[in-house]
Amino acid sequence: MEPKHQKNRTTISEFLLLGLTEKPEHQTLLFGLFLSVYLVTIFGNLLIVLAIITDVHLHTPMYFFLSNLSLVDTFFSSTTVPKMLVNLWTQNQAISFVGCLAQMYTFHLFGTMDSFLLAAMAIDRFVAVVYPLRYSVIMSPCVCGLLLGGPWLITNLQSLVHTCLMAQLTFCAGSKIPHFFCDLMPLLKLSCSDTHTNELVIFAFGIIMGISPFLCILLSYTCIFWAVFKIPSAQGKWKAFSTCGSHLTVVSLFYGAIFAVYLQPTSPASSQKDKAAALMCGVVIPMLNPFIYSLRNKDMKTALKKLVSKAVSSQS
């Protein structure tokens, strides 16, 4: 008898992304919704980057990481939304095999980089609250470069390994992916090859790349809470903790969406919850970040006002 992974082998040149819904009456509504979300995401995040670059008062480690987070969020959203918009507009669900691998690579690259940047920002807030007098010495340009460059190397390595292993698989005749982008697990389910190596690598990277940033954030905020608790005055506690509010909000949204999926038992509705989590992390949160960091931060508000006033005065 022929082994299961030897049956129905075929060379697939493209896949079909089934998207969020197959109901035609919802396509126009979804196109308008995601186009609006994407434009707000791009405009908001690039505005944050421009404000930080043009305002010398924001050339500090905290805003250095924030500007990089905004850039990563811009690329993260651009990994999935433009292709989804094209599919909705043309009613063509096809994506090439190479395009699918490229989308998988960039999604995991920028998604994982997001979590490492949140960890770097937690370290920055820890140093600012616990060691305020030594902040500029500890958070030197060299340290900031390592906190940014190290994760970039690691996340690229992770995405490269996943992509190379996926490229070596053979896929069955079925090419329908029940998702709005090419992700690891839906692709593995279509493979006729032995996927044990892929699954083992996914598990290993998931443990290392998923848990380490979260533990770093958890440890940083445990130390921050302990340091703030020891401050005698209520005003001093509020002043020390207020600098962490925006970051805590983003962390709660990001990991809340992830835990909502992975801390639940497997069920027939799991695929829909996977889509919801991916939408939250890759589409909604990148759109919300500029609002969270600008509306709760006086320095960012001032920098944005200066940027807008310069743009208005240059046109008048």
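The paragraphs below lead through a small sheet, the helix packed on it, two helix pairs and some spans named in a record. The model is a predicted one, and every description that follows should be read with that in mind.

A good place to begin is the sheet, which is open and has 3 strands in the order β3-β2-β5, with mixed pairing. In general, the strands of a sheet pair through backbone hydrogen bonds, and they can do so either parallel or antiparallel. Here β3 (94-96) and β5 (176-177) are the edge strands, each of them pairing on one side only. Strand β2 (residues 14-17) pairs with β3 in the antiparallel sense over 3 bridges, and F15 stands opposite I95 in β3. Against this sheet packs helix α3 (residues 97-130), which touches β2, β3 and β5 and whose direction makes about 85° with that of β3.

From the sheet we can turn to helix α7, which takes part in both of the helix pairs described here. Its axis and that of helix α5 (residues 141-167) come within 10 Å and cross at roughly 165°. Angles over 145 degrees count as roughly antiparallel, and α5 and α7 are therefore roughly antiparallel to each other. The crossing of these two helices, α5 and α7, is left-handed. On the α5 side the contact includes I154, T155, Q158 and H162, while on the α7 side it includes T197, N198, V201 and F205. Sorted by class, the residues of this contact between α5 and α7 are 8 nonpolar and 5 polar, with no charged ones.

The second pair joins helix α7 (residues 196-229) to helix α8 (residues 234-242), whose axes lie 9 Å apart and pack at an angle of about 160°. That angle makes α7 roughly antiparallel to α8, but α7 passes α8 in a right-handed crossing. The residues that meet are F225, V228 and F229 in α7 and K237, A240 and F241 in α8, and they divide into 5 nonpolar, no polar and 1 charged.

Finally, a record can be set beside the model. In an unreviewed entry, UniProt places the feature "transmembrane region" at residues 29-53, 135-154, 200-228, 240-264 and 276-295. Two of these spans can be followed in the model: residues 135-154 are 90% helix and 0% strand, with end C-alpha atoms 26 Å apart, whereas residues 276-295 are 100% helix and 0% strand, with their end C-alpha atoms lying 26 Å apart.

Key:
Residues numbered from 1 in each chain as written. Predicted model: local features only at pLDDT ≥ 70, side-chain atom pairs only at ≥ 80, totals over all residues. Heavy atoms only, no water. Axes fitted to C-alpha atoms, helices over the stretch in contact; angles between N-to-C directions. Helix = DSSP H or I, 4+ residues; strand = E, 2+ residues; numbered from the N terminus. Parallel < 35°, antiparallel > 145°, perpendicular 65-115°, else oblique. Left-handed = near helix turned anticlockwise from the far one by under 90°. Contact = heavy atoms within 4.5 Å. Nonpolar A, V, L, I, M, F, W, Y, C, P; charged D, E, K, R; others polar. Pairing = 2+ DSSP bridges. UniProt positions renumbered as here; feature names shortened; annotations may be inferred.
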